[in-house]
Amino acid sequence: MRMIKLREDFGKLIITRKAVAEFFDSLGEFSDASLTLDFEGIEFISRSAAHEYLRQKAISQKEIKEINLTQNVKSMFLLVARQMQRAVSV
C-alpha cells in the first residue's frame, strides 16, 4: 500500500474541485491497488473540494484510505457526505 502525503501536493489548504480532480487523475500513475492518503498538515478543505474528493473516491478503481485528518477536515467530509446522501434520496 502506497502512502501519499497530501501536504506535498496541496500545502495546508485544499480549495478547488479542479485541484482535487487533477490529483485523482495523477493517481493513475501508481500501479498500487490500495493507497493511503496522509492528511497530516492539511488544515482546511473547502466544501466544493470535499465534494469533489468524495465523488472521485467513489468512482476510483483504487481502494483509498485516509489518515491523520484534523477535526475540521473530518467535519467537512461528514457534512458533505450527508448532503450527498440527501441529494440521492430525493
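**Exercise 1. State how helix H2 is oriented relative to helix H3, and justify the answer.**

Solution. H2 and H3 are roughly parallel to each other, because angles under 35 degrees count as roughly parallel, over 145 as roughly antiparallel, 65 to 115 as roughly perpendicular and the rest as oblique. The axes of H2 (residues 17–26) and H3 (residues 47–59) cross at roughly 25 degrees and come within 8 Å. Axes here are lines fitted to C-alpha atoms, for helices over the stretch in contact, and angles run from 0 to 180 degrees between N-to-C directions. Helices (H or I, at least four residues) and strands (E, at least two) are DSSP runs, numbered from the N terminus.

The model is predicted: local features need pLDDT of at least 70, side-chain atom pairs count only at pLDDT 80 or more, and totals for chains, interfaces and linings use all residues. Residues are numbered from 1 along each chain as its sequence is written, and side-chain values use heavy atoms, with hydrogens and water left out.

**Exercise 2. Give the handedness of the H2 and H3 crossing, then list and classify the residues in contact.**

Solution. Step one: the crossing of H2 past H3 is right-handed. A crossing is left-handed if the near helix is turned anticlockwise from the far one by less than a right angle, and right-handed if clockwise.

Step two: H2 contributes Arg17, Val20, Ala21 and Phe24, while H3 contributes Arg47, Ser48, Ala49, His51, Glu52, Tyr53, Gln56 and Lys57. Contact means heavy atoms within 4.5 Å.

Step three: sorted by class, this contact of H2 with H3 has five nonpolar, three polar and four charged residues. Ala, Val, Leu, Ile, Met, Phe, Trp, Tyr, Cys and Pro count as nonpolar, Asp, Glu, Lys and Arg as charged, and the others, Gly among them, as polar.

**Exercise 3. Which residues of H2 are buried, and where on the helix do they lie?**

Solution. Step one: Val20, Ala21, Phe23 and Phe24 are the buried residues in H2. Buried means under 20% relative accessible area, exposed over 50%, partly exposed in between (1.4 Å probe, protein chains only).

Step two: viewed down the axis of H2, the buried residues fall within an arc of 160 degrees, so they line one face of the helix. The arc is that of the directions from the helix axis to the C-beta atoms.

Step three: Lys18 and Asp25 are exposed on the other side of H2.

Step four: the cover over the buried residues of H2 includes strand S1 (2–5), helix H1 (6–10), strand S2 (13–14), strand S3 (34–38), H3 and strand S5 (63–67).

**Exercise 4. Repeat the analysis for H3 and helix H4.**

Solution. Step one: the axes of H3 and H4 (residues 71–89) come within 9 Å, with a crossing angle of roughly 65 degrees. H3 and H4 are therefore roughly perpendicular to each other.

Step two: H3 and H4 cross in a right-handed way.

Step three: from H3, Arg47, Ala50, His51, Tyr53, Leu54 and Arg55 meet Met76, Phe77, Val80, Ala81, Gln83 and Met84 of H4. By class, the contact of H3 with H4 has eight nonpolar, two polar and two charged residues.

**Exercise 5. Describe the surroundings of Arg47 and Leu35.**

Solution. Step one: Arg47 is placed in helix H3 and counts as partly exposed at 39% relative accessibility. Not counting residues up to four places away in sequence, Arg47 touches Arg17, Met76, Val80 and Gln83. Arg47 and Val73 are 26 residues apart along the chain, and their C-alpha atoms are separated by 9.7 Å.

Step two: Leu35 lies in strand S3 and is buried, with a relative accessible area of 0%. Residues touched by Leu35, not counting those up to four places away in sequence, include Met1, Ile4, Phe30 and Ile64.

**Exercise 6. Place Glu29, Ser60 and Asn68, and state how accessible each one is.**

Solution. Step one: Glu29 is in the loop between H2 and S3 and is exposed, with a relative accessible area of 63%.

Step two: Ser60 is in the loop between H3 and S5, where 23% relative accessibility makes Ser60 partly exposed. Ser60 and Leu27 are 33 residues apart in sequence and 9.3 Å apart in space, C-alpha to C-alpha.

Step three: Asn68 lies in the loop between S5 and H4 and counts as partly exposed at 44% relative accessibility. Phi of Asn68 is near 60 degrees, a positive value in a residue other than glycine.
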